[in-house]
Amino acid sequence: MKKVAFITLGCKVNQYETNAMAQKLMENGYEIVDHNQKADIYIINTCTVTNMSDRKSRQMIRRAKENNPNAVVIAVGCYVQVAKKEIENIEEIDLALGNEEKVNIVEYCNKILKEKMPESEEFLTDVLHTKKFAEFGETSYTEKTRAVIKVQDGCDRFCSYCIIPYARGRVRSREPEHILKEIKKIADQGIKEVVITGIHIASYGKDFKNKYGLIDLLEEINKIDGIQRIRLGSIEPLLITDDFVQRLSKLEKICEQFHLSLQSGCDETLKRMNRRYTTQQFEEIVKRLRKAYDNVNLTTDIIVGFPGETEEEFAKTYKFLEKIKFYKMHIFKYSPRKGTRAEQMPQQIEPQLKEERSKKLIELSDKNEKEYNSEYVGKRVEVLWEEQKNEIYKGHTKNYVLVEMKAKPSENKENVIESVQISQAYEHYVKV
């Protein structure tokens, strides 16, 4: 039995695709081992969202070869898709596969083991002209107590800083019957929570001939027995219309935690980013959600130091973020991405200034998170326990507050939903 190890970088979509590839390989006689172990094949599922992601992808490719110089190293995914010339110069790679080729991973593994190709080969479909969703089939392999479900691929937004449309192609939606069948199988395994993810899930159904969108899919998932929580991945703010929220709030399994990718709190910066909404529109969206859900938890992504971001623009962003008061903000220092419009923009910001602005926003995020968490002291919450580490159970509430509790040696609460009372609050978690 040949051993395969995966190294996965980047987003939840990559994690889903790794799980899908692993399941296909196991079904065909391969054994999946930890990436630190000696394996016959190492598959690096790469990311290219930033220059740092590219660097990390290259590091992981080289590290795999160090683990076993005789192993086959297969690089797959987004970095492979957009960096053909760079990939050709990495001698540790035996086989390079683009995003569309992942579904045929078993055939490629069989072929390379059998033929032991003397030189590295690459197989890349032009994703910008791909119109059909690459279907892995029913994927029920998951290492966690929650399952990630990919419903969509590609993005048509072309934000000025983003390379992903070139790595993932145009919007392609997965057929709802395939999604529902997969989630039913997940529920049969006893998994209680599913995370709905994609590259741009707000666009789900855009390519269908009938008017079937994300909210229609969520209403169907809500009916599946056994699934108790439905969590949404990052969503486009403009999806949150009055009609969407009205229908969504009727679904009792939806987790009241929404990751709205803002990127900037300044209209001028948003325009250069090609984000297609204003801060006023965004604020209305936030009010809509807070009116519909009492304990809604809102998180976001922010890019600091975008080309042309003046002190005045940053001040506007800071003031807007103070006003919105997100639970948590993921702060990214802008990094020029080759192949994007922003890379060519004038007034690139000095690294030191980016660092200063980043620190200010991280401090604000930590302050917001601690204040939000402190409101739970003395209250009862329902927690889905996910793992036990060093005699501590860790899990999340429905609105994604991290909860910790001391574990008893004889108990196993993994994948159990339990009502507990919070006694202490900290910066990044609360404690029973």
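Modeller: Before we begin, note that this is a predicted model, and that a residue is called buried when its relative accessible area is under 20%, exposed when that area is over 50%, and partly exposed in between.

Biologist: Why is C266 called buried?

Modeller: The relative accessible area of C266 is 1%, and because a value under 20% is what the term requires, C266 counts as buried.

Biologist: How many disulfides are there, and what makes a pair of cysteines count as one?

Modeller: Two cysteine sulfur atoms must lie within 2.5 Å of each other, and by this rule the count is zero disulfides. For C159 the nearest cysteine sulfur belongs to C162 and is 6.1 Å away, and C159 is in no disulfide. For C266 the nearest cysteine sulfur is that of C159, 16 Å away, and C266 is likewise in no disulfide. As for its surroundings, C159 has a relative accessibility of 11% and therefore counts as buried.

Biologist: What makes the pair K84 and E88 a salt bridge?

Modeller: The side chains of K84 and E88 meet with an N to O distance of 2.9 Å, and the term asks for a Lys or Arg side-chain nitrogen within 4 Å of a carboxyl oxygen of Asp or Glu, so the pair qualifies as a salt bridge. K84 and E88 both belong to helix α4 (residues 84-88), and because they are four residues apart, about one helical turn separates them.

Biologist: Are K84 and E88 buried, partly exposed or exposed, and how do you know?

Modeller: K84 has a relative accessible area of 41% and E88 has one of 43%; since the intermediate class runs between 20% and 50%, K84 is partly exposed and E88 is partly exposed as well.

Biologist: How do you know that R231 and E193 form a salt bridge, and where in the chain do they lie?

Modeller: The closest N and O atoms of R231 and E193 are 2.8 Å apart, which is within the 4 Å that the term allows, so the salt bridge is assigned. This pair links distant parts of the chain, with R231 in strand β10 (residues 229-232) and E193 in strand β9 (residues 193-198), 38 residues apart. Both R231 and E193 are buried.

Biologist: What makes K413 and E418 a salt bridge, and how is each of the two residues classed by accessibility?

Modeller: The N to O distance between the side chains of K413 and E418 is 3.1 Å, within the 4 Å limit, so this pair too is called a salt bridge. K413, at 13% relative accessibility, counts as buried, whereas E418, at 22%, counts as partly exposed because 22% falls between 20% and 50%.

Biologist: How many salt bridges does the structure hold, and which residues are linked in a network?

Modeller: The structure holds 41 salt bridges, and a network of them links E17, E100, K102, K150, D153, R168 and R172.

Biologist: What makes the side chains of N45 and T18 a polar contact?

Modeller: The side chains of N45 and T18 come to 3.0 Å, and the term needs N or O atoms within 3.5 Å, one able to donate a hydrogen and the other to accept it, so the pair is called a polar contact. N45 lies in strand β3 (residues 41-46) and, at 0% relative accessibility, counts as buried. Leaving out residues up to four places away in sequence, N45 touches several others, among them I7, M21, V76 and K102.

Biologist: Why is D54 called buried, and which residues is it in contact with beyond its neighbours in sequence?

Modeller: D54 has a relative accessibility of 6%, and since this is under 20%, D54 counts as buried. D54 sits in helix α2 (residues 51-67) and, apart from neighbours within four places in sequence, is in contact with C47, T48, Y79 and R337.

Biologist: What makes strands β12 and β13 a pair?

Modeller: Six bridges join β12 (residues 297-304) to β13 (residues 328-333), and the two run parallel; because at least two bridges are needed, they count as paired. Within this pair, I303 stands opposite F332 in β13. Together with helix α12 (residues 311-324), β12 and β13 make a right-handed β-α-β unit.

Note on methods. Residues numbered from 1 in each chain as written. Predicted model: local features only at pLDDT ≥ 70, side-chain atom pairs only at ≥ 80, totals over all residues. Heavy atoms only, no water. Buried < 20%, exposed > 50% of the residue type's maximum accessible area, 1.4 Å probe, protein only. Contact = heavy atoms within 4.5 Å. Right-handed = clockwise from strand over helix to strand, strands pointing away.
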